[in-house]
Structures are given as C-alpha cells and as structure tokens.
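Here is a quick tour of one structure, going from a small turn up to the domain layout. Have the viewer open while you read.

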Amino acid sequence: MENSKYDVIVGLEIHIQTKTNSKMFCTCPTGYFQKEPNTHVCPVCLGLPGALPVPNKRALELCILMGLATNCDIAPEIHFDRKHYFYPDLPKGYQISQYKKPICSNGHVELSNSTVEIERIHQEEDVAKSTHHIETDTNKEYSLIDYNKSGVPLIEIVTKPCIRSGEQAKEYATRIRQIARYLNISDADMEKGQMRCEPNISVQKKGMWEQKGEEIVPIGKYKLNAKIEIKNIGSITAVEKSINYEVNRLIEALETNKEIIQQTRGWNANKNMTEFQRSKETSDDYRYMAEPDIPIIETSKENIEEISSEIVELPHERINRYMNKHMLSEYDANVLSTDRDVAIFYDNLFIGLDKHLKDTPTSAKLASNCITGTLFAWLNEKDISISKANLDIADLVQWNLALHSKEITKNKAEELLKESLNNNKNLSDLLDNFRKQSEKSAGNLTDIVKDVISQNEKAVKDFKDGNNASVGFLIGQVMQKTQGSADPNEARSILMKELE
Ligand SMILES: [Zn+2]
C-alpha cells in the first residue's frame with residue numbers, strides 16, 4: 001500500500017490451539033473436531049461451582065517452546081489471572097488467562113527482509129463453540145452451545161505495532177504457522193480454527209508519530225488517528241486482504257475529512273470487505289484478578305533447557321542454509337522450507353546425490369527440481385503429503401543421476417517417474433528396462449545412420465569438404481527414418497562417429 005503521505009501501523013494477535021492430549025485445566029480430551037457435541041466435558045470445563053483447575057504441564061511446555069523459538073525471554077514464574085466477561089460460551093464468567101506477567105515476552109521473528117518484534121506470548125484457555133439456527137416451521141432463532149472446545153489450551157502471540165503492510169503481516173503469520181508446525185506445537189489448521197488472527201490497524205501522517213516499545217506516540221501536537229481491530233480472521237490470505245482493505249478505507253476517510261471512529265470489524269470473505277461490528281470508545285474493563293485456585297508455578301533453568309532440546313532447525317535457518325550453502329534461489333529455498341517433512345526429504349535426496357556428484361550446487365539444484373516439479377504436482381493432485389507417499393530416496397538418486405548424465409532425456413525421465421508414482425512401480429526397475437531398451441535401439445540407430453550415410457553421398461562429401469551445415473541435413477534424414485523417435489543428440493553423436 002504505497003502512499004507518500006501516510007504510514008501504515010499494524011499489530012497482530014495470533015491465537016494458536018496447542019497440541020495436547022487433554023484440555024488446559026482438566027483431563028477431558030482435546031480432539032473435538034466432528035465429535036458429538038458436549039461429550040468431552042467435566043465440571044472444570046463446564047465451569048461448575050467448586051470445580052478446581054489443574055494446569056496442563058505439556059501445554060505450558062509448548063507455550064515456552066514457542067517463546068524459545070521466537071527469541072523471547074521466559075518468565076521465572078508462571079502466574080494465571082481471571083479475565084472477566086459474560087458470554088454464554090464462557091460458563092465460568094471469566095477466562096483463565098495471563099495479564100501483566102505473560103510466560104514469554106520481548107521476542108522477535110526473522111522474515112525475508114524484515115524483523116517482527118513480539119511483545120508477549122501468553123497461555124489461556126479456549127471458550128465453547130456457539131452455533132446459531134432458525135427453527136424451520138416457526139422461524140424462531142435459537143443458539144446451541146457445544147462445550148467440547150471449552151478449556152482447550154490456547155496461546156496468544158502479540159506483536160508490537162511494528163508491521164507496516166498487509167504483505168508483511170501475511171509473511172509473519174505464515175512464518176508463525178510454519179514454526180508451530182516445525183516444532184509440533186500445533187497443526188495450526190486454520191480451516192479447523194486452530195489458528196486465528198486479529199490485526200489492529202491505524203494510518204498516521206508520515207513523520208508525525210514514533211513507536212515507543214508497545215506504543216505509538218504522536219510527535220508535537222499531532223493527534224493520532226483511531227485504531228481499527230479486525231476480529232477472528234481464519235485464513236492467511238484474508239489477513240493481507242483485510243489489512244489492505246482497511247488501509248484504503250482509512251486513507252480515503254482521511255482524504256475526504258471523514259472522522260475515523262475506533263471500532264471492531266469483521267472480514268467478509270464473500271464480499272472481500274471488512275464490516276462494522278461494534279464501536280469501542282474505551283478499552284474493555286475485564287476486572288483482571290490473580291487466579292486464586294492455581295498456585296504460582298516456577299520455571300527452572302533445567303525445565304527450560306529440557307524444552308529447548310525440542311527445537312529443530314527453524315524455517316528461516318533452513319532458508320538461509322539453502323541459499324548460502326546450497327546456492328538455491330530464494331524462491332526455491334522458501335518453497336522447500338515451507339513444510340518440515342518436505343525439507344527433510346530434500347535434505348536426504350541432496351545427501352544421496354552429493355555422495356555421487358560431490359558438487360553441492362548441482363546436487364542441490366537437481367534435488368530441488370525433482371521435488372518442486374513432478375513430485376509436487378503429483379502430491380497435489382493426489383492430495384497426499386510427502387511423508388505419506390511411497391517414495392524411495394535411493395531410487396530417486398539413481399533417477400536424478402541418469403537425468404544429470406543425459407543418459408535419459410528430461411521428457412523420458414518425467415514419463416518414468418509419473419509411471420512409477422501412478423502405478424506404484426519401482427522406479428529403479430523402470431530405469432533398468434529403459435536402459436535395456438535404449439541399448440537395443442542404439443544398435444538400431446547405428447544401422448539407420450549407416451543407411452543414411454550410404455544413401456546421401458553428396459551430403460557426406462560436402463561434410464568432408466568442410467560444409468558443417470550438411471550434418472544438420474543428415475540428422476534430419478535419420479530423424480525422418482526413425483519417425484522422430486530417436487534422440488537428436490544421440491543421432492548426432494553416432495553420425496559423427498560413423499562419418500569419421
Ligand atoms: Zn473437562
């Protein structure tokens with residue numbers, strides 16, 4: 001969103017459901033997707049009086065793991081607070097969350113050309129799911145509540161207001177999702193609501209504001225323009241689109257002297273626009289108080305060290321390694337690092353190839369092309385992940401080597417790979433068959449070349465007199481006799497040999 005007069009200021013809150021077997025404060029199972037409503041419930045997650053919450057150790061570890069992966073400081077003590085508000089999907093009348101002392105704070109995430117600062121990551125619990133219906137015969141509206149989701153562990157990752165465009169917000173949200181998946185913190189499946197984004201956006205006059213930590217402050221007598229929040233965005237594309245839409249709307253309002261009112265809006269994906277939900281004059285008063293039923297939990301140095309052993313090579317580290325050590329393009333490095341299973345598959349194929357070729361950039365390019373070409377197309381078409389596909393690294397190494405040595409043409413190689421994938425045939429067997437057949441046809445090709453030479457005395461004489469163009473004519477004759485089935489390079493090399 002280029003505009004010479006204004007700066008775009010965005011902060012992003014991302015909620016992620018972390019991957020635990022049981023809920024945040026009780027032993028009910030977390031897997032609520034497509035389960036019979038209200039079957040994963042107990043007095044704790046139904047908020048019945050007298051029920052006592054017990055924090056889930058694994059959930060806290062996953063929150064800390066996310067903090068470590070995003071360079072946060074980890075608090076020495078974990079404090080829980082009650083955040084009060086009334087809503088039917090919150091039966092206790094409060095959500096157990098963290099207020100002033102989040103588990104993780106002051107982190108950052110590296111993107112391709114920028115860094116996004118993280119203010120905090122805190123632990124909380126999810127609320128129940130309400131659905132709204134209309135009775136068919138009476139047209140009466142009613143709502144149903146499913147408490148299976150109530151109490152599922154949730155982490156909230158909050159950035160400083162340091163994001164400057166919809167595009168950057170999209171890259172950041174993508175990176176957070178990647179990190180969560182790399183570390184098995186969450187599947188972060190947005191269609192299942194496991195990750196939700198809430199940007200806040202304002203547009204300010206250039207040079208009239210500055211960022212001080214978590215705050216945007218005016219310079220001189222400038223009056224800051226109000227901030228807009230967009231709630232519950234369920235796709236990464238919509239993060240970018242909704243921010244761009246709001247920025248355009250806000251700039252237009254400023255240019256036409258319309259007042260900008262602080263408000264909460266929602267994204268309508270069908271209409272590709274944000275819609276007004278409620279205006280917000282002051283910040284909500286949640287009457288936070290320390291949660292009296294959960295004692296303060298200490299995080300020891302040993303705990304943190306143990307959790308940090310779960311950290312694997314992260315997306316930006318892989319991307320840098322692929323670009324700097326393997327000499328892959330930024331595009332290829334990004335594509336291969338998107339999914340950790342793909343990255344591991346690439347690494348294995350690369351190692352297999354480099355054992356033979358001992359040439360890093362060549363091995364890298366071959367492995368990368370092999371995965372991002374036919375393999376990706378096939379995996380997409382069949383809608384299966386690379387780890388579930390029946391792929392053999394050793395076979396693919398042989399296939400790539402044959403392609404690299406030009407023993408096999410690109411078209412033929414693709415044909416064999418597709419045949420192997422579609423019919424679950426062993427790729428090495430297919431390669432062996434191809435080799436036997438091509439030996440046979442090479443014999444045939446020599447005979448054809450000999451025929452062509454004996455039938456075109458003039459062209460042969462021209463060649464011997466130094467007219468190189470006649471070689472093209474002779475190859476054309478060979479191709480004609482084989483009805484185009486011969487490899488022109490092979491025909492040329494046999495022809496040159498026979499001419500000598
Ligand atoms: Zn429960």
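## Strands, helices and domains

Let's start with a hairpin: S12 and S13 make one with two residues between them, and Gly213 in the turn has a positive phi of about 60°. Bear in mind that this is a predicted model. The hairpin strands, S12 (residues 209-212) and S13 (residues 215-218), pair in the antiparallel sense over four bridges. If you want a spot to check the register, look at Glu210, which stands opposite Val217 in S13.

There's also an open sheet of three strands, ordered S5-S4-S17 and paired antiparallel. Its edges are S5 (94-97) and S17 (289-290), each of which pairs on one side only. S4 (residues 81-84) pairs with S17 in the antiparallel sense over two bridges. In that pairing, Asp81 sits opposite Ala290 of S17.

Now for the helices. Here are two pairs side by side:

| Helix pair | Axes come within | Crossing angle |
|---|---|---|
| H7 (residues 340-357) and H9 (residues 393-404) | 9 Å | roughly 50° |
| H1 (residues 57-69) and H4 (residues 301-308) | 10 Å | roughly 75° |

How do H1 and H4 lie relative to each other? An angle from 65 to 115 degrees counts as roughly perpendicular, so with a crossing of roughly 75° H1 and H4 are roughly perpendicular to each other. On the H1 side, the contact is made by Glu61, Ile64, Leu65 and Leu68, and on the H4 side by Ile304, Ile307 and Ser308. Sorted by class, the H1 contact with H4 has five nonpolar residues, one polar and one charged.

The other pair is a different story: the axes of H7 and H9 cross at roughly 50°, which makes H7 oblique to H9. The crossing of H7 and H9 is right-handed. H7 brings Asn348, Leu349, Gly352, Leu353 and His356 to the contact, while H9 brings Ile393, Ala394, Leu396, Val397, Asn400 and Leu401. The tally for H7 with H9 is seven nonpolar residues, four polar and no charged.

Finally, zoom out. The domain assignment of the protein gives domain 1 (6-303), domain 2 (313-425) and domain 3 (442-499). What separates the centres of domain 1 and domain 3? Taken over C-alpha atoms, the separation is 71 Å.

Key:
Residues are numbered from 1 along each chain as its sequence is written. This is a predicted model: local features need pLDDT of at least 70, side-chain atom pairs count only at pLDDT 80 or more; totals for chains, interfaces and linings use all residues. Domain bounds come from an automatic or database domain assignment. Axes are lines fitted to C-alpha atoms, for helices over the stretch in contact, and angles run from 0 to 180 degrees between N-to-C directions. Angles under 35 degrees count as roughly parallel, over 145 as roughly antiparallel, 65 to 115 as roughly perpendicular and the rest as oblique. A crossing is left-handed if the near helix is turned anticlockwise from the far one by less than a right angle, and right-handed if clockwise. Two residues are in contact if their C-beta atoms, placed from the backbone, lie within 7 Å. Ala, Val, Leu, Ile, Met, Phe, Trp, Tyr, Cys and Pro count as nonpolar, Asp, Glu, Lys and Arg as charged, and the others, Gly among them, as polar. Two strands pair if DSSP finds at least two bridges between them.
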